[in-house]
Amino acid sequence: MKKHLQGINPFRYGCVVEDSFYCPRPSLERQLAGFIRSGQNVVVHGERRMGKTSLINAVVRGMRGWRMLYVDLLHVQTVGDVCRRIVSSVRNLERKASLFEKALKLLPRLRPVMKVDPATGEFGFGLDARAAEDPYAVEEVLDMLAKVAANGRTVVVFDEFQDVGNLSGAQTVLALMRGRIQFQGDVPYVFTGSVRSRMVELFDNPDSAFYKSALTLCVGEIDRDSFASFLQSRFETGRRRVSDETVSAIMDTVADVPGDVQQLCEAAWGVTSGSVGVEDIEAALQVVFMREGDKFESFCERLSPVQFKLLMGIARLGGREIQSRAFLDEAGIGNAASARKAAIRLCELRYVYSFRGEYRFSSMFFRAWLLRRDY
Ligand SMILES: Nc1ncnc2c1ncn2[C@@H]1O[C@H](COP(=O)(O)OP(=O)(O)OP(=O)(O)O)[C@@H](O)[C@H]1O
Ligand SMILES: [Mg+2]
């Protein structure tokens, strides 16, 4: 079909959403903005694809006179990576070379050098590799960060913060970070991450350096009515008519997870023209499976027979009573101890997560795909 007849894809997933792609969440936004304005540190908890990063971004963008120093810590391997990510976020914030140079001067131990690409005028930096691997380097970098932040109202956002817990010597690095951050009373820090259980471990476990160091904000599903009207208007933008019933069925299919809802809407939009009905959802799911089926297939190949039975059991019967006789019989698992062990593995692999005594699928598409397979 010609693009102009089909319209432009009105949905976005797998990325931070802004502007017309972002559905406002007034109550959470007010709370987060309030915490930031009063200089509090906050940890934003939530399951994957709930919209944590988008929420934080929208809140800071909406706060006049404030700027965001956003540090993505995904897959940091060493303390040097942490230092470089922070310095690089300062570079993104201070777009004037002179300001960035001033910031680099605050890192004497790291012997920074400023580099300018002669072709583009873009500036970068280098740090002494050995010095950056000393855990204490992170103190110097955080002090620099605080000075930069003091030049204007600045929120520091540490995203994918749980990955700092993976470093060798993580306890030391976290303790040093906490030590510095707690004296930076004027700078609000927002911590978040996509692995909820690990973030909870960092902030709610008495043995962790960050224990009780921040207020908590939980991001769950988007309020159903507002998300439904938002999606309706996105469909309209993409030249589709859609009933309340269809939008509601789409949300049900993926348990209201905002990222998955947008993904399914995009697929539904792609397989239709004119109007979208409940009967189109299956075709939309097939589009998603076509794109992701190989990945799901390889997820299954990693499992032992018992782990696979448990996964299928949770898909078919729900994840509440996995150790009950009824569940074990239905799922074909010999005893409760095997189910428990298999559940630990499924959580480690992040196929499922445990929430209030129930195992839930991390991806409802994976569950839907499993249920449609002929085993
Ligand atoms: N407020 C929102 N309005 C519309 N869609 C949203 C909203 N928040 C999240 N989404 C959908 O969810 C997707 C993921 O959003 P985002 O990256 O902000 O979530 P996250 O919780 O940070 O995810 P992760 O846990 O993977 O880091 C977006 O691409 C979008 O499809
Ligand atoms: Mg995120």
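Which residue in β6 is the bridge partner of V42? The answer is V190, and this pairing is a convenient place to enter the structure, which is a predicted model.

The bridge between V42 and V190 belongs to a wider arrangement, an open sheet of five strands whose order is β2-β5-β6-β1-β7, with parallel pairing. At the edges of this sheet stand β2, made of residues 66-72, and β7, made of residues 215-218, and each of these two strands pairs on one side only. Neighbouring strands of the sheet are turned against each other by 20° on average, if direction is ignored.

It helps to walk across the sheet strand by strand, starting from the edge strand β2. This strand pairs with β5, which covers residues 153-159, in the parallel sense and over seven bridges; in one part of this pairing, V71 has F158 in β5 as its bridge partner. The next step leads from β5 to β6, where the two strands pair in the parallel sense over three bridges, and here V157 stands opposite V190 in β6. From β6 the path goes on to β1, since three bridges join β1 to β6 and the two strands run parallel. The residue V190 therefore appears twice on this walk, as it stands opposite V157 and is also the bridge partner of V42, in keeping with the definition that strands pair through bridges. The last step joins β1 to the edge strand β7 in the parallel sense over four bridges, and V43 has T216 as its bridge partner in β7.

Which way do the side chains of these strands point? In a regular strand the side chains alternate between the two faces of the sheet. In β1, V42 and V44 point one way while V43 and H45 point the other way, and all of them are buried. A similar reading can be made for β6, where Y189 and F191 lie on one side and V190 and T192 on the other, and where all are buried, with both faces of the strand covered.

Helices lie against this sheet as well. Helix α2, formed by residues 26-37, packs on the sheet and touches β1, β2, β5, β6 and β7, and its direction makes about 160° with that of β7. Helix α7, formed by residues 137-149, lies across β2, β5 and β6, and it runs at about 140° to β5.

Within helix α7 the reader can find E139, which counts as buried because its relative accessibility is 18%, and the cut-off for buried is under 20%. Leaving aside neighbours within four places in sequence, E139 is in contact with L176 and R180.

Another glutamate can be followed in helix α12, formed by residues 258-270, where E266 lies. Because its relative accessibility is 12%, E266 also counts as buried. Leaving aside neighbours within four places in sequence, E266 is in contact with N9, F11, Y13 and R291, and with R291 there is also a polar contact of 3.2 Å between the two side chains. E266 and G334, by contrast, are 68 residues apart in sequence and 42 Å apart in space, taken from C-alpha to C-alpha.

Is R130, whose place is in helix α6, residues 129-132, buried or exposed? R130 is exposed, because its relative accessible area is 77%, and the cut-off for exposed is over 50%. R130 and A267 are 137 residues apart in sequence and 48 Å apart in space, again from C-alpha to C-alpha.

The last part of the tour turns to ligand 1, which is surrounded by 24 residues, the closest being R12, C15, C23, K52 and S54. Several contacts here involve the backbone of the protein. A backbone N or O atom of R12 lies 2.5 Å from an oxygen atom of ligand 1, and a polar backbone atom of C15 is 2.6 Å from an oxygen atom of the ligand. A backbone N or O atom of G51 likewise lies 2.9 Å from an oxygen atom of ligand 1. On its own, ligand 1 has 630 Å² of accessible area, and the protein covers 94% of this.

Note on methods
Residues are numbered from 1 along each chain as its sequence is written. Chains are lettered from A and ligands numbered from 1 in the order in which they are written. This is a predicted model: local features need pLDDT of at least 70, side-chain atom pairs count only at pLDDT 80 or more; totals for chains, interfaces and linings use all residues. Side-chain values use heavy atoms; hydrogens and water are left out. Axes are lines fitted to C-alpha atoms, for helices over the stretch in contact, and angles run from 0 to 180 degrees between N-to-C directions. Contact means heavy atoms within 4.5 Å. A residue is near a molecule or strand if one of its heavy atoms lies within 4 Å of it. A polar contact is a pair of N or O atoms within 3.5 Å; within protein, one must be able to donate a hydrogen and the other to accept it, and residues adjacent in sequence count only if both atoms are side-chain atoms. Accessible areas come from the Shrake-Rupley method with a 1.4 Å probe; for residues, only the protein chains shown count as cover. Buried means under 20% relative accessible area, exposed over 50%, partly exposed in between (1.4 Å probe, protein chains only).
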